[in-house]
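Here are a few exercises to work through with the model open in your viewer. Try each task before you read its solution.

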Amino acid sequence: MTFSQYYKHYLTLHENKWNRLLHVIGQLCTVGYVVWAISNAAWFALLLTPLIVYPFAWAGHLLFEKNRPAAWNRPAWAKLCDWLMLRDLILGRLK
C-alpha cells in the first residue's frame, strides 16, 4: 500500500465530525505543548510530544467512530495523516 492509498484509508476511519474535531483539538494542543516546551527550554519534555494527541484521537475513535485508531497499526504514517487531515480541513478539502 502506498502512502497515498493509506491516507484515503485513513480518511475512512475519520468520517465522524466529532472524531475529526477531537483530532483537531489534539493537534492544536500538540502545537501549544511544543511552544510551551520550547519557550521554557523544557527540551526533555519534547520527547512526549507525539503522545499529546492520543487521548483526544483515541476518545474520538472509541466513542464516536467505533473503530480502531490507525496509530495502532502504522503509528508514523497515522501521525503524518493527522497533520494532512488537519491541513485538508483548514483548506476546506474535507467537510
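**Exercise 1: a buried lysine**

The backbone oxygen of Pro50 sits 3.4 Å from a polar atom in the side chain of Lys79. Before going on, note that this is a predicted model, where local features need pLDDT of at least 70, side-chain atom pairs count only at pLDDT 80 or more, and totals for chains, interfaces and linings use all residues. Numbering runs from 1 along each chain as its sequence is written, and side-chain values use heavy atoms, with hydrogens and water left out.

Task: find which side chain of opposite charge is nearest to Lys79.

Solution.
1. Go to helix α4, where Lys79 is placed (helices are DSSP runs of H or I, at least four residues, numbered from the N terminus).
2. Look for the partner: the nearest side chain of opposite charge is Asp82, 4.1 Å away. A salt bridge needs a side-chain nitrogen of Lys or Arg within 4 Å of a carboxyl oxygen of Asp or Glu, and Lys79 has none, although it is buried (buried means under 20% relative accessible area, exposed over 50%, partly exposed in between, with a 1.4 Å probe and protein chains only).
3. List the surroundings: leaving aside neighbours within four places in sequence, Lys79 is in contact with Gln27, Pro50, Val53 and Tyr54 (contact means heavy atoms within 4.5 Å).

**Exercise 2: the salt bridges**

Task: work out how many salt bridges the structure holds, and which residues they join into one network.

Solution.
1. Count them: there are 2.
2. Take Arg87 and Asp88, whose side chains meet at 2.9 Å, N to O. Arg87 is partly exposed at 37% relative accessibility.
3. Now take Arg93, which bridges to Asp88 with the closest N and O atoms 3.1 Å apart. Arg93 is exposed, at 55%, while Asp88 is buried, at 5%.
4. Put the pieces together: shared partners link Arg87, Asp88 and Arg93 into one network.

**Exercise 3: the inner side of a helix**

Task: say which residues of helix α1 are buried, and what covers them.

Solution.
1. Scan residues 3-12: the buried ones are Tyr6, Tyr7, Tyr10 and Leu11.
2. Check their directions: they span an arc of only 140° around the axis, so they share one side of α1 (the arc is taken from the directions from the helix axis to the C-beta atoms).
3. Recall the geometry: an α-helix has 3.6 residues a turn, so residues three or four places apart point the same way.
4. Look at the cover, which includes α2 (17-39) and α4 (75-90).
5. Zoom in on Tyr7: beyond four places in sequence, its contacts are Cys81, Leu84, Met85, Asp88 and Leu94.

Notes: Helix = DSSP H or I, 4+ residues; strand = E, 2+ residues; numbered from the N terminus. Lys, Arg positive; Asp, Glu negative; His and termini not counted. Polar contact = N/O pair within 3.5 Å; in protein donor to acceptor, adjacent residues only side chain to side chain.
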